[in-house]
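Biologist: Please take one part of this model and go through it closely. I would like the histidine in its loop, its surroundings, and then the sheet and the cysteines.

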Amino acid sequence: MNNLRIGFKVTTASLCPPGQDMVRLQERFWSKVQKSSGCWLWTGGQKGRAPAYGCFWINGRNRLAHRIAWLLTYADYPEKCVLHRCDTPLCVRPDHLFL
């Protein structure tokens, strides 16, 4: 598993800030997404130069938005890269992502 720290497994529970429930975390995340019939584009912070990837601030760290979308949808933070079928780095639509 990818680690926040050595020996620390990333889960939906570990990403939820203290005192904040998972529903609020999901609402905060998905409120930054522009949904359409195609890609769901991240409208929050971005990392890197064009084409940039979306970033989501959580527990004092920036995380790649498409990886958080995968985690929130499938309750798993994969060891492998999360890739985009659509080749759109800002896309967080779960059915456009794969391992």
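Modeller: Leaving aside neighbours within four places in sequence, His96 is in contact with Gly38, Cys39, Leu83, His84, Arg85, Cys86 and Cys91. This is a predicted model. His96 sits in the loop between strand E6 (83-84) and strand E7 (97-98). His96 has a relative accessible area of 17%. That makes His96 buried, because the cut-off is under 20%.

Two of the contacts of His96 are Cys39 and Cys86. Are they bonded to each other? The closest cysteine sulfur to that of Cys39 is in Cys86, at 3.6 Å. A disulfide needs the two sulfur atoms within 2.5 Å, so this pair is too far apart for a bond. The model has zero disulfides by this rule. Another cysteine, Cys55, is buried, at 8% relative accessibility.

Now the sheet. Three strands form an open sheet in the order E3-E4-E5, with antiparallel pairing. Strand E3 (46-47) and strand E5 (61-64) stand at the edges. Each has a single partner strand, so one side of each is left without a neighbour in the sheet. Strand E4 covers residues 53-58 and is joined to E5 by four bridges. The two run antiparallel. Across this pairing, Phe56 stands opposite Arg63 in E5.

A helix completes this part of the picture. Helix H3, residues 65-74, lies across E4 and E5. Helix H3 runs at about 75° to E5.

Terms used:
Residues numbered from 1 in each chain as written. Predicted model: local features only at pLDDT ≥ 70, side-chain atom pairs only at ≥ 80, totals over all residues. Heavy atoms only, no water. Buried < 20%, exposed > 50% of the residue type's maximum accessible area, 1.4 Å probe, protein only. Pairing = 2+ DSSP bridges. Contact = heavy atoms within 4.5 Å. Axes fitted to C-alpha atoms, helices over the stretch in contact; angles between N-to-C directions.
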